[in-house]
Amino acid sequence: MEKHCKESRRRFIFGTALTVAGVVSGFPFSNKLLAELVVLDDKKKVLGLTPSIWVEITKENYVVVTVARSEIGQGVRTTFAMIVAEELDADWSRVIAINAEGDSKYGDQSTGGSTSVRTFWTTLRQAGAQARQLLINAAAEIWGISPDNCYTQNSYVYEKNGVRKLSYGELIDKAIQLPIPPANSVKLKKVSDFKILGKPQKNIDETSFVTGKAVFSSDYRLEGMKYAVILRCPYIGGSLASFDDSEAKKIKGVVGVYQISEGIAVVAENSWLALKGRDALKVTWNKGTNAELSTEQIFNKFYSLIGNLPDLPGNTTKKIECTYEVPFLAHSTMEPMSAFAYFHNGKCEIWAGTQNPQTARSQVATALGITQSNVKANVLFSGGGFGRRHNNDYIVMAAKISKLSGFPIMFFYTKADDIKNDYYRPASVHSIKAGIDANGNPTGFIHKVISQGDVSFVSPSYNLGVVQNSTASYGFGIRTGPWRSVDYTQNIFVIESVVDELAYLAGKDPLQFRLSLASDEKLKTVLRRVGENYGWGRELPEGWGRGIAAFVGYGAYIAHIVEVSVSKEGFLKIQKIYAVVDPGFPINPENIKNQIMGAAIDALSTAINTEITIQNGQIQQSGFHNYRWLRMNEVPEFNIEILTTSDRPSGMGEVGFPSVTPALCNAIFNATGIRIRKLPIGKTPLLKVDGKENKTKDLEFNAYPNPFETKVTLNIRTNDIKSSNLIVRIFDILGKLVFESKLNFNGTSYQTQLDFEDLPASVYYVVFELNNQIFSFPILKKN
Amino acid sequence: MKIKVNKVEYNLDVESDMPLLWVLRDLLKLTGTKYGCGIGVCKVCTVLIDGVPEQSCLVPIGFVEGKEVTTIEGISQNGDHPLQKAWNELSVSQCGYCQPGQIIRAYYLISKIPKPTIEDINREMSEHICRCGTYNKIREAILLATKE
């Protein structure tokens, strides 16, 4: 049995990071605590007890938990710390989380698939229980009593029926002399005895976030470091023909320009000079074979690959044959990709937000031609992940630039770089045949997915009769990658929309229809509960609608009801979202609530407004102005119920996304009779009028051309012209005023030409008042 | 050039058109102010200039000469400002990246309107994007911080 008496290497690293770098440590300690640790380090004595790689007890009676998954906003640092603290009976206010570096000794560190808790649940509980048992044994030995006569509470060991107590920190000197109980020998707590788990706990990092102390990927600073940006070919599949960097190099503070396989890197004394240097590069590109590529071509290709779908079973009396379209999406994290790398003496040190520090390590090693043991990949906070940081391209570029330049490098993408060089959520077309029999029961569900980038099919969680799935894909050279909830984002949107279509086809209530087709009791429970919480049967005002959808995955069950209103002008408002989630055992209900709200807003934003499109071989979007995200005034109220149904937790970072999109689209159908089969919703007018030509007895409205690219001419002809001009207002689909214009009277009609250059592609509503009547007409700006 | 950030004076040798954001982050190492979009859309980089929120990515350093800049580091380093305490109480943050900017905007809001209504909060805070979707919690936290 091994004994653990070691000076904390980690502590030593903090000390050097602080004193050598002189700026920041990679970890979000409060300054006070960090100072204490460093002072203790200088005393050269035993600092802590590490019964396992997961936990350390310090002399000052802190518990330090090593978190081997990356914090990207899903709350894993708090969650992992809670799990260890629970079994250790630690004082939660004296628990600290630190990040593991990329190292195979920690097992699989890939933060994806909502697997973190499920993978480490038992390991971390055992680590906590093991440390606790060791501390009890130490106290028992000091007191000369049996370990059975000791108990633990809030980081102290107490003597049963006695007055003696010792803090965990005070027990270290004794504990290091004792054998460590094997992890699989220790007894774990009963769920009913949990004091920390299952109760709402505060985010362990909140204070460092709100004081600006948390060190994110782009925040790492080291004396003497330089800043680097890259100019990459804007054409998908294009390449560099030639470049001239003479003007860039003339800029004072530009340190160097380097060609790497990804593009041309400019290194400078600060971020701004690096960007200035990049602007001064003169480059010609080979456009490559995709120079004319457009989203339209991509989708046309998808449609050409549908082929013949099998027939539905013979007892089918009514059927739906249709296609659904889902666009490419960028991750568009709040923090554009960035990484620090320092290559020197044959070794490379990385500091970055990444969802996979192990592959970062191996990829950097390969790129630099060194062994993995010469790469240290340290994990910082990520300003959002959503799957983007599974690809470590930005870390590899930082390392390569550091090696070429010889400097410690902070490499960063601008927002536009980030959106234009992402690994996108694949775009797909879903060809569907689904039917019901004479009794309104499903007979079959035939689903073919055609995509660029792999999209696996997901089978429905309902009994839809004969299910047949198939896939096809076609590569245009557009890089794709995992995106929050991955294939579920497309599949659940399609399946839960089609189930809704079938319910209406059968003349059945969408909730009852689902309940009758679900066999899994847990699925039925979340559906039934959300219906009860919302009051499914109640009347809604005119123009309002509600939609329901459910999702089973990541070990969890969830059902959503979205309530919307669509105004007479066509403006969509998300009124409320109800969710019932069954995570098995809810580790931290407060964090679950955050994840459910956050994932829903993610789903609403992407469903309503966002898509990545391609024109002339280039990505068209460049920032939040044309890749829009919902704001505070656009998000709904939430009602979230969290169930407890087992002793084991599920994943939670992705559970809340998939069923929101279809519940929203089903609600729009309920409100308007308009079925959304193409995302984003912003492509479809929510008014049942034809935007090209609209006539009433007294009024004729024309927009030409419609759809339009940037400019559109509006024409209103009326029999009753009252003044020399008329005010028209233009709103986006959520009813936000984006444009106001005066239409001039030109003899027979009001007319004006509008320029939509700066507005994203979407439906807009032209709204004006004539003869005390409000008119609204949709116009569509194309990509 | 002399600038004043969080009541500390700095003497800088920089061109006057360098954006305040990069001066804060790269020269003064005040990395609590974040880079988000660089074009004034996302508001992540918001700081106060003479008490008024501005996008530091768009403000040239020359513009702040003789003015008072307040960044997140100037609110409270211990996190004991009522807004920070409310954020902590409710565990508002997810990834945390946009929160310094959100706190700065909320700080401005309550300096103008000590007891903001939900409408006041929505109007002011809808300037900012939170990619994680913490909006409902931010609103709740501002209400909590201004309850007394």
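The legends below describe close-up views of a predicted model with chains A and B.

**View 1. Confidence of the predicted complex and of each of its chains.**
For the complex, the predictor gives an ipTM of 0.99 together with a pTM of 0.94. Chain B has an average pLDDT of 97, and 100% of the residues in chain B score at least 70. In chain A the mean pLDDT is 92, with 93% of the residues of chain A reaching 70 or more. One stretch of chain A calls for caution, since residues 1–42 have a pLDDT that stays under 50, although the model has 63 contacts beyond four places in sequence for this stretch.

**View 2. The side of chain B that touches chain A.**
Here 48 residues of chain B are in contact with 47 residues of chain A. On chain B, at least two residues of this side are supplied by each of α1 (20–27), α2 (82–90), α3 (99–112), α4 (118–125) and α5 (135–145). The largest share of the side of chain B that touches chain A comes from α5(B), with 5 residues. When the residues on this side of chain B are sorted by class, 22 are nonpolar, 19 are polar and 7 are charged.

**View 3. The packing of α4(B) against α5(B).**
The axes of these two helices, α4(B) and α5(B), come within 10 Å and cross at roughly 125°. An angle over 115 but not over 145 degrees falls outside the parallel, antiparallel and perpendicular classes, and α4(B) and α5(B) are therefore oblique to each other. The crossing of α4(B) and α5(B) is right-handed. From α4(B), the residues B:I118, B:I121 and B:M125 meet B:I138, B:R139 and B:I142 of α5(B). The contact of α4(B) with α5(B) has 5 nonpolar residues, 1 charged residue and no polar ones.

**View 4. The packing of α2(B) against α3(B).**
In this pair, α2(B) and α3(B) pack at an angle of about 130°, and their axes are 10 Å apart. That angle makes α2(B) oblique to α3(B), and α2(B) passes α3(B) in a right-handed crossing. The residues that meet are B:L83, B:Q84 and B:W87 on the side of α2(B), and B:Q99, B:I103, B:A106 and B:Y107 on the side of α3(B). By class, the contact of α2(B) with α3(B) divides into 5 nonpolar and 2 polar residues, with no charged residue.

**View 5. The surroundings of A:F585 in a loop of chain A.**
A:F585 lies in the loop that runs between β23 (572–582) and α16 (589–608) of chain A. With 17 other C-beta atoms within 10 Å, A:F585 is partly exposed, because a count of 20 or more would be needed for a buried residue and one of 12 or fewer for an exposed residue. Leaving aside residues up to four places away in sequence, A:F585 touches A:V191 and A:G198, and also A:T644, A:S646, A:D647, A:R648 and A:P649. A:S461 serves as a further point of reference, as A:F585 and A:S461 are 124 residues apart in sequence and 22 Å apart in space, taken from C-alpha to C-alpha.

**View 6. Two cis peptide bonds in chain A, at A:P680 and A:P705.**
A cis peptide bond with an omega of about -5° joins A:L679 and A:P680. A:P680 belongs to the loop between α17 (660–672) and β27 (693–695) of chain A. A cis peptide bond also joins A:Y704 and A:P705, and here omega is about -10°. A:P705 is found in the loop between β28 (699–704) and β29 (711–718) of chain A.

**View 7. Positive phi values at A:Y554 and B:K29.**
A:Y554 has a positive phi of about 55°, although this residue is not a glycine. The loop that holds A:Y554 lies between β21 (544–553) and β22 (556–566) of chain A, and A:Y554 counts as buried, with 23 C-beta neighbours inside 10 Å. In chain B, the phi of B:K29 is near 60°, which is again a positive value in a residue other than glycine. B:K29 is found in the loop between α1 and β3 (46–49) of chain B, where B:K29 counts as partly exposed, with 14 C-beta neighbours inside 10 Å.

Note on methods:
Residues numbered from 1 in each chain as written. Chains lettered and ligands numbered in written order. Predicted model: local features only at pLDDT ≥ 70, side-chain atom pairs only at ≥ 80, totals over all residues. Contact = placed C-beta atoms within 7 Å. Helix = DSSP H or I, 4+ residues; strand = E, 2+ residues; numbered from the N terminus. Nonpolar A, V, L, I, M, F, W, Y, C, P; charged D, E, K, R; others polar. pLDDT = per-residue confidence, 0-100. Axes fitted to C-alpha atoms, helices over the stretch in contact; angles between N-to-C directions. Parallel < 35°, antiparallel > 145°, perpendicular 65-115°, else oblique. Left-handed = near helix turned anticlockwise from the far one by under 90°.
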